[in-house]
Amino acid sequence: MPIATVNPASGETLRTYDELGTGEIDERLAKAASTFRSYRLTTFPERARLMERAADLLDQDQEAVARTMTTEMGKPLAAARAEAAKCAKAMRWYARNAEGLLGDEQPAGSDVADSGAAWARVRYRPLGVILAVMPWNFPLWQVIRFAAPALMAGNVGLLKHASNVPQTALYQGDLFRRAGFPEGVFQTLLISSTAVEGVLRDRRVAAATLTGSEPAGRSVAAIAGDEVKRTVLELGGSDPFVVMPSAEVERAARVAVTARVQNNGQSCIAAKRFIVHTDVHDEFTRLFTARMAGLTVGDPMAESTDVGPLATEQGRTDVEELVDDAVQRGATVLCGGRRPRDLRQGWFYEPTVLTGITPDMRIHHEEAFGPVATVYRVQSLDEAVEAANDTPFGLSSSIWTSDEAEQERFVRDVEAGGVFFNGMTASHPALPFGGVKRSGYGRELSGHGIREFCNATTVWHAAEPASDT
Ligand code: NAP
């Protein structure tokens, strides 16, 4: 894919970029490695001061960077502003909490005297140069949720961003440099996905994190495995949104719309499969469909727009093919199911609700990365859990019920990295984020996220011998 800004609302190519050559990549790797040698020795307060400064700059830049994101990948402008604000918040959260999260740990539970120790602890030390391969859908947030903890831990970062968001990618390198981080602490590499292997195999790179599709994750993990380098993978999702009879159905239907169409339907943690108990199925489906059909689709720069275009032409084709396959195999379209008639340019697709989904349909087991919802009818919680788990993915989940026994049962049995009761899945700096099954492994955010790229080092001190005899 060429490295270029192409406005998805018009299809117009606004700017193209040359890829870095091998010599330039090597220079940046050398810079990262040499910077790590000194940066790792900085103190938490020194790093925190720089991170807070970067957060302040980001707040000042909010409108401009939001417009860049919307221009490059089509999310509604209000959502882009909110994304920038959320990033600044996460940067401050890590600036203020990193030292506490990475302080020396006493070994949990029993004492270690029987190992001959006077004392022992775990110290979290940075790993080195971390390669981040990132997607376009939250072009700022995906990067910051890697960079804020990684840099606060004393690592340095190399960013290979998605090829369709080069301006947002370059902005981020610039942001950390303007904040005063030493040159080489965070560098953007404008490279294609085929150049990732060479960077990852380079001995100066210690580990990698990838957020993106399953094929990309598999490829990076295979190379990292071959090199015995640590990885975190945040891949796709097809999150269930379960509605039980005790739910507030009107509220569930309202939140369901946001949960499905946020970011124009292109969020890994969007609710994608709506699994509804038969007692409330018809009411939920009616309310949900009416709201989905009433959304305003259009120019993402317009404040009144709910749903902008898909980020790429291929992305829209993928969604169209999933819907067409389902319809050909007997699914019913309750709303949408086509391109908007009045938007001839750009990669728009109408918010769509499908029912009558069967296991032979691709959409039953593939991720719909666009504003397309599937609604399933179930007879019991057992059936709901079975349906929720009937997917290769396991990112997050939500269940709407006021019955505590049902809530506990769902937490016990659902195969997912998150469970949200009576609300939509969202990420927060203090809460671990990540999945199971084909949604990947490892965690971002919280203490779990910052420790992923640390060397948990056992430090052991011998007890004084009782006597020398
Ligand atoms: P993608 O095509 O996998 O691209 C993601 C990144 O990986 C891009 O930088 C891409 O570079 C690179 N890439 C692609 N193939 C690669 C390969 N074989 N080797 C190395 N790098 C490779 O995914 P996307 O279309 O941008 O993003 C959508 C997917 O990301 C969805 O499945 C979504 O669910 C998932 N996602 C997951 C999370 C999460 O936290 N779990 C969050 C957001 C998105 P190029 O752009 O140059 O191809």
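**Reading a ligand shell and three buried residues**

Analyst: Helix H8 gives the most to the shell around the ligand, with 3 residues; helices here are DSSP runs (H or I, at least four residues) and strands are E runs of at least two, both numbered from the N terminus. This is a predicted model, in which local features need pLDDT of at least 70 and side-chain atom pairs count only at pLDDT 80 or more, while totals for chains, interfaces and linings use all residues. Residues are numbered from 1 along each chain as its sequence is written, and side-chain values use heavy atoms, with hydrogens and water left out.

User: Which helices each supply at least two residues of the shell around the ligand, and which residues come nearest?

Analyst: A residue is near a molecule if one of its heavy atoms lies within 4 Å of it. Helix H5 (141–152) and helix H8 (214–227) each supply at least two shell residues, and of the 28 residues around the ligand, Arg145, Ser163, Ser213, Leu235 and Glu367 come nearest.

User: How should I read polar contacts, and which polar side-chain atom lies 2.5 Å from an oxygen atom of the ligand?

Analyst: A polar contact is a pair of N or O atoms within 3.5 Å; within protein, one must be able to donate a hydrogen and the other to accept it, and residues adjacent in sequence count only if both atoms are side-chain atoms. The atom at 2.5 Å belongs to Ser213, whereas a backbone N or O atom of Met134 lies 2.8 Å from a ligand oxygen, and a side-chain N or O atom of Trp136 is 2.8 Å from an oxygen atom of the ligand. The protein covers 85% of the 900 Å² of accessible area that the ligand has on its own, areas being computed by the Shrake-Rupley method with a 1.4 Å probe.

User: Is Thr209 buried or exposed, and what does Thr209 touch?

Analyst: Buried means under 20% relative accessible area, exposed over 50%, and partly exposed in between (1.4 Å probe, protein chains only). Thr209, in strand E7 (residues 205–211), is buried because its relative accessible area is 1%. With contact meaning heavy atoms within 4.5 Å, and not counting residues up to four places away in sequence, Thr209 touches residues including Met134, Phe146 and Phe453.

User: Where does Gly435 lie?

Analyst: Gly435 is in the loop between strand E16 (420–421) and strand E17 (436–437), and is buried, with a relative accessible area of 4%. Gly435 and Glu415 are 20 residues apart in sequence and 8.8 Å apart in space, C-alpha to C-alpha.
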